[in-house]
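Hi,

Here is the structure I promised to pass on. Have a look at it first, and then read on for what turned up.

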Amino acid sequence: MASRRSNDDAQREIRVRVAELEARVRRLEQQLKKVALAAKVKPTPVPKGPQRPRCPGCFAEVPKGRRDRTCVYCGFSFDAVAPFRPRRAR
């Protein structure tokens, strides 16, 4: 019967050690999740270049090159309004 008790004791010890290991693994997984969330870095936004002038009639970008007196797309006359200059945000 002595061997039976030692066998039960060994099984209890193994169960306790397994329970402790499972608890440690859970704690490590939680810590890993925290580190992974903190490590998520948003990519730096690519700065936009200077905006091209837009037609006040159709809001399309005025094409590069020689600027006519009317919009290429809608025919809006640029002489009708002063050119729009956006202000910088302060």
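How many of the 90 residues of the protein chain, as a percentage, count as buried? The figure is 4%, where buried means under 20% relative accessible area, exposed means over 50%, and partly exposed is in between (1.4 Å probe, protein chains only).

Before the details, a note on what you're looking at: this is a predicted model, so local features need pLDDT of at least 70 and side-chain atom pairs count only at pLDDT 80 or more, while totals for chains, interfaces and linings use all residues. Residues are numbered from 1 along each chain as its sequence is written, and side-chain values use heavy atoms, with hydrogens and water left out.

Now the overall picture. The protein chain has one helix and zero strands; both are DSSP runs numbered from the N terminus, with helices being H or I of at least four residues and strands being E of at least two. Take the contacts in the protein chain with a separation of 6 or more: residues 24 or more positions apart account for 3% of them. Contact here means heavy atoms within 4.5 Å. As for the surface, about 9,300 Å² of the protein chain is accessible, and carbon and sulfur atoms make up 55% of that (Shrake-Rupley method, 1.4 Å probe; for residues, only the protein chains shown count as cover).

Next, the charged pairs. A salt bridge is a side-chain nitrogen of Lys or Arg within 4 Å of a carboxyl oxygen of Asp or Glu, and the count comes to three.

- Arginine 12 pairs with aspartate 9, with 3.1 Å between the closest N and O atoms. These two are three residues apart in helix α1 (residues 2-39), which means about one helical turn separates them. Aspartate 9 is partly exposed, at 43% relative accessibility. The side chains of aspartate 9 and arginine 12 also make a polar contact at 3.1 Å, that is, a pair of N or O atoms within 3.5 Å; within protein, one must be able to donate a hydrogen and the other to accept it, and residues adjacent in sequence count only if both atoms are side-chain atoms.
- Glutamate 61 and arginine 54 form a salt bridge at 3.6 Å, N to O. Glutamate 61 is partly exposed at 39% relative accessibility, and arginine 54 is partly exposed too, at 47%.
- Arginine 69 and aspartate 79 meet at 3.8 Å, N to O. Both of them lie in the segment after α1, ten residues apart, and both are exposed.

What about the cysteines? The structure holds zero disulfides, a disulfide being a pair of cysteine sulfur atoms within 2.5 Å. Why is cysteine 55 not bonded to cysteine 71? The sulfur of cysteine 71 is the closest cysteine sulfur to that of cysteine 55, but at 3.6 Å it is too far for a bond. Cysteine 55 is buried, with 0% relative accessibility. For cysteine 74, the closest cysteine sulfur belongs to cysteine 55, and 3.7 Å is again too far for a bond. Cysteine 74 is partly exposed, at 41% relative accessibility.

One last thing to look at is the backbone at phenylalanine 59. Most residues other than glycine have a negative phi. Phenylalanine 59 is not a glycine, yet has a positive phi of about 65°. You'll find phenylalanine 59 in the segment after α1, where this residue is exposed with a relative accessible area of 57%.

Cheers
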